[in-house]
Amino acid sequence: MGGNRVFKMTYPNAIIICHKDAITSLNKFVIPNFKAEPQASKDLIAVYAKAIKTAIKADSTRLTVYERETRYPETLRDLQYFVNNFSGTKFSYQAPDITFGDSLTLNMVTDTVKIFHPGWGHSPDDAMVYIPAQNILVTRDIVVHPLPYAFNTVHNDWINILKRI
């Protein structure tokens, strides 16, 4: 959701479409995160650097070997790259052009595109895109390889969505 502006900058005629419940997430998480940068990333850099140096996490538990040698240093590099390369960029929110509830059908020049809300699997604003003529289903983060996002999920609904797929 935070990358909508880039799509509009790159493809000015692009139409940003999202489920109506995504607006809540945008207002609650994305916009405040934009406003908190780059200081929030600088604060995280300090936390990760201290953890690597002391081998102790912010919650006072010990880092595993994997965390100390791989995960934390990689995260630290990513955060530093972000601060070095994007801290001068003025982030701005790009609102969606269209929102939908249960479904939206677009009749394009060569194909019909069906966008629908399958229910709350990974998040309340889950959406899928189906192109029947091409037998293509874009599941977003309902189906992710190799490991699904198990945060913010409604597990029974997610299982039912996967069965329907």
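How many aromatic pairs does the count come to? The count comes to 1 aromatic pair, and it makes a handy doorway into this structure, which is a predicted model.

Let's start with that pair. The two rings belong to Tyr48 and Tyr72, with their centres 4.6 Å apart and their planes at 50°. Planes under 30 degrees apart would count as stacked and planes over 60 as edge-to-face, so this pair is classed as tilted. Tyr48 sits in helix H3 while Tyr72 sits in helix H4, so the pair ties together parts of the chain that are 24 residues apart in sequence. Are these two tyrosines buried or exposed? The cut-off for buried is under 20% relative accessible area. Tyr48 has a relative accessibility of 16% and therefore counts as buried; Tyr72, at 10%, counts as buried too.

Tyr48 has further company. Leaving aside residues up to four places away in sequence, Tyr48 touches Tyr72, Thr75, Leu76 and Leu79. Several of these names return when you look at the largest nonpolar core, whose 9 residues are Ile45, Tyr48, Ala51, Ile52, Leu63, Tyr72, Leu76, Leu79 and Val83. Helix H3 (39–54) and helix H4 (65–86) each supply at least two residues of this core. If you like to colour by cluster, there is also a second, separate core of 6 residues, among them Phe100, Leu104, Ile115 and Ala127.

Between the two helices, the chain passes through a loop, and Asp59 has its place there, between H3 and H4. What is the state of Asp59, buried or exposed? Exposed is the label for over 50%, and Asp59 has 51% relative accessibility, so Asp59 counts as exposed. The side chain of Asp59 makes a polar contact of 2.6 Å with the side chain of Thr61. For a sense of distance, take Asp59 and Arg77: 18 residues separate them in sequence, and their C-alpha atoms are 21 Å apart in space.

Now follow the chain back towards its start, to Lys8. This residue lies in helix H1, which covers residues 4–10. Lys8 has a relative accessibility of 18%, so this lysine counts as buried. What does the side chain of Lys8 reach? One answer is the backbone oxygen of Ala14, at 2.5 Å. Another is the side chain of Asp97, which Lys8 meets in a polar contact of 2.9 Å. Beyond residues up to four places away in sequence, Lys8 touches Ala14, Ile15, Ile16, Gln94 and Asp97.

The next stop is the sheet. Which strands form it, and in what order? There are 4 of them, in an open sheet ordered S3-S4-S5-S6 with antiparallel pairing. The edges are S3 (103–107) and S6, each of which pairs on one side only. From one strand to the next, the twist averages 15°.

Walking across the sheet from S3, you meet 5 bridges that join S3 to its antiparallel neighbour S4. A hairpin makes the link between S3 and S4 through 4 residues. Across this pairing, Leu104 stands opposite Ile115 in S4, and Leu106 has Val113 of S4 as its bridge partner. Leu104 and Ile115 are both included in the second core. The two partners in S4 also share a face: the covered face of S4 holds Val113 and Ile115, whereas Thr112, Lys114 and Phe116 lie on the uncovered one.

Moving on, strand S4 (residues 112–116) is joined by 3 bridges to strand S5 (residues 128–131), and the two run antiparallel. Here Lys114 stands opposite Tyr130 in S5. The walk finishes with 3 bridges between S5 and strand S6 (residues 136–138), again antiparallel. Ile131 has Ile136 in S6 as its bridge partner. S5 and S6 form a hairpin with 4 residues between them, and Asn135 in the turn has a positive phi of about 55°.

How values were computed. Residues are numbered from 1 along each chain as its sequence is written. This is a predicted model: local features need pLDDT of at least 70, side-chain atom pairs count only at pLDDT 80 or more; totals for chains, interfaces and linings use all residues. Side-chain values use heavy atoms; hydrogens and water are left out. Buried means under 20% relative accessible area, exposed over 50%, partly exposed in between (1.4 Å probe, protein chains only). A polar contact is a pair of N or O atoms within 3.5 Å; within protein, one must be able to donate a hydrogen and the other to accept it, and residues adjacent in sequence count only if both atoms are side-chain atoms. Contact means heavy atoms within 4.5 Å. Two strands pair if DSSP finds at least two bridges between them. A nonpolar core is a set of buried Ala, Val, Leu, Ile, Met, Phe, Trp, Tyr and Cys residues joined through side-chain atoms within 4.5 Å. Axes are lines fitted to C-alpha atoms, for helices over the stretch in contact, and angles run from 0 to 180 degrees between N-to-C directions. Rings of Phe, Tyr and Trp (its six-membered ring) pair if their centres lie within 6.5 Å; planes under 30 degrees apart count as stacked, over 60 as edge-to-face and the rest as tilted.
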